[in-house]
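The following paragraphs guide the reader through a single structure, from its overall form to its individual parts. Please keep the sequence and the three-dimensional view at hand while reading.

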Amino acid sequence: MIISRSVAITLDGEAHQVPEAITIIQAMWHLGRSMEKNIGCLGGACGACVVVTRLPGQMLPHTALACQMMVAEGLNVSFLQGDPSQKALAPLPAESPSRETVFQYYPETKRCVACGACTTACPQKIDVMAGVREMMMGDLAVVAERFTTCVSCDLCAVVCESRIRPYRMGLYARRLAGAFHPQKPLQLLNRIEEIASDKFKAEWEDVMQVGKNV
Ligand code: SF4
Ligand code: SF4
């Protein structure tokens with residue numbers, strides 16, 4: 001019989017024992033908690049399960065996605081609600097966009113005081129503050145690239161004292177870049193060419209043999 005060890009955690013202020021080597025979301029399930037909110041893809045891609053955590057001896061709390069973070073002895077976890085601000089209806093413009101295109105929907109972006117809180121909070125390790133500063137310089141394509149791995153978890157907006165919503169601004173920049181400066185997917189095109197030239201023929205034949213001699 002496999003006996004799993006347990007760890008003590010504090011979840012939204014209540015003390016619990018849960019098995020070790022599971023994620024915070026799995027700990028919620030283990031405790032029979034209803035997960036109608038704060039849960040989504042379970043793969044770290046949707047940003048629904050944002051938590052603030054602190055381990056014993058840690059001076060400052062950390063932010064994380066609960067589906068990606070493992071429980072640990074003494075871990076203190078609180079689930080966060082997302083950014084409640086209304087989403088701007090920002091259509092694509094008829095002409096090539098500039099930073100003014102973005103600022104008409106997200107004017108608060110100009111209030112950035114470069115405190116860095118958004119970068120510290122981002123569970124995707126995006127330098128969010130750099131993205132905001134790049135938008136102020138009008139580097140739309142650079143901003144779009146920087147926010148490529150954003151999962152819209154809202155944390156950068158939640159922690160911003162200037163009420164800026166960096167991820168929404170970044171998402172709009174991605175839409176604008178896609179519509180006005182589409183780039184060829186060079187890696188994909190290279191791979192298609194390699195496949196067409198039979199570069200992986202031997203490996204493919206090996207794969208096709210799997211299970212045939214069982
Ligand atoms: S938290 Fe807000 S004010 Fe601070 S760097 Fe980020 S966007 Fe600027
Ligand atoms: S940029 Fe903001 S919304 Fe996107 S992953 Fe980072 S903290 Fe979350």
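The chain has a radius of gyration of 22 Å, whereas a compact globule of 214 residues would have one near 17 Å. This value, like every other given here, is computed from a predicted model. Along its principal axes, the C-alpha trace of the chain spans about 65 × 60 × 30 Å. Of the 214 residues in the chain, 29% are buried. Among the contacts in the chain with a separation of 6 or more, 59% are made by residues 24 or more positions apart.

The chain contains nine helices and five strands. Read along the sequence, these elements follow the pattern β-β-α-β-β-β-α-α-α-α-α-α-α-α.

The strands may be taken up at the beginning of the chain. Strand 1, residues 6-11, and strand 2, residues 14-19, run antiparallel and are joined by six bridges. Within this pairing, alanine 8 has glutamine 17 of strand 2 as its bridge partner, and leucine 11 stands opposite glutamate 14 of strand 2. The two strands form a hairpin with two residues between them. In that turn, aspartate 12 has a positive phi of about 45°. Strand 1 also pairs with strand 5, residues 75-79, in the parallel sense and over three bridges. Here the bridge partner of isoleucine 9 is leucine 75 in strand 5. Strand 1 is thus paired with strand 2 in the antiparallel sense and with strand 5 in the parallel sense.

Attention now turns to the helices, beginning with helix 4. This helix covers residues 128-137, and its buried residues are Val128, Met129, Gly131, Val132, Glu134 and Met135. What surrounds these buried positions? Their cover includes helix 2 (99-103), helix 3 (117-121), helix 5 (140-146), helix 6 (155-158) and helix 7 (166-180). After helix 4 comes glycine 138, with a positive phi near 85°.

Helix 7, named above as part of the cover of helix 4, has 15 residues. From its first C-alpha to its last it reaches 21 Å, close to the 21 Å expected at 1.5 Å a residue. Its buried residues are Pro166, Tyr167, Arg168, Met169, Gly170, Tyr172, Ala173, Leu176 and Ala177. These buried residues pack against helix 2, helix 3, helix 4, helix 5 and helix 6. The packing of helix 7 against helix 4 therefore appears from both sides of the description, given that contact is judged between C-beta atoms within 7 Å.

The ligands bring several of these helices together in the account. Ligand 1 is surrounded by 15 residues, of which the closest are Cys112, Cys115, Cys118, Met129 and Cys160. Helix 3 and helix 4 are the elements that give two or more residues to this shell. The largest share, three residues, comes from helix 4. Met129, one of the closest residues to ligand 1, is also among the buried residues of helix 4. By class, the shell around ligand 1 has 13 nonpolar, two polar and no charged residues.

Ligand 2 is likewise surrounded by 15 residues, and the closest are Cys122, Cys150, Cys153, Cys156 and Tyr167. At least two residues of this shell are supplied by helix 6, and at least two by helix 7. Tyr167, one of the closest residues to ligand 2, is also among the buried residues of helix 7. The shell around ligand 2 has 11 nonpolar, three polar and one charged residues.

Notes. Residues numbered from 1 in each chain as written. Chains lettered and ligands numbered in written order. Predicted model: local features only at pLDDT ≥ 70, side-chain atom pairs only at ≥ 80, totals over all residues. Buried ≥ 20, exposed ≤ 12 C-beta atoms within 10 Å, placed from the backbone. Helix = DSSP H or I, 4+ residues; strand = E, 2+ residues; numbered from the N terminus. Contact = placed C-beta atoms within 7 Å. Near = placed C-beta within 6 Å. Nonpolar A, V, L, I, M, F, W, Y, C, P; charged D, E, K, R; others polar. Expected span 1.5 Å × (residues − 1). Pairing = 2+ DSSP bridges. Rg over C-alpha atoms; globule rule 2.2 N^0.38 Å.
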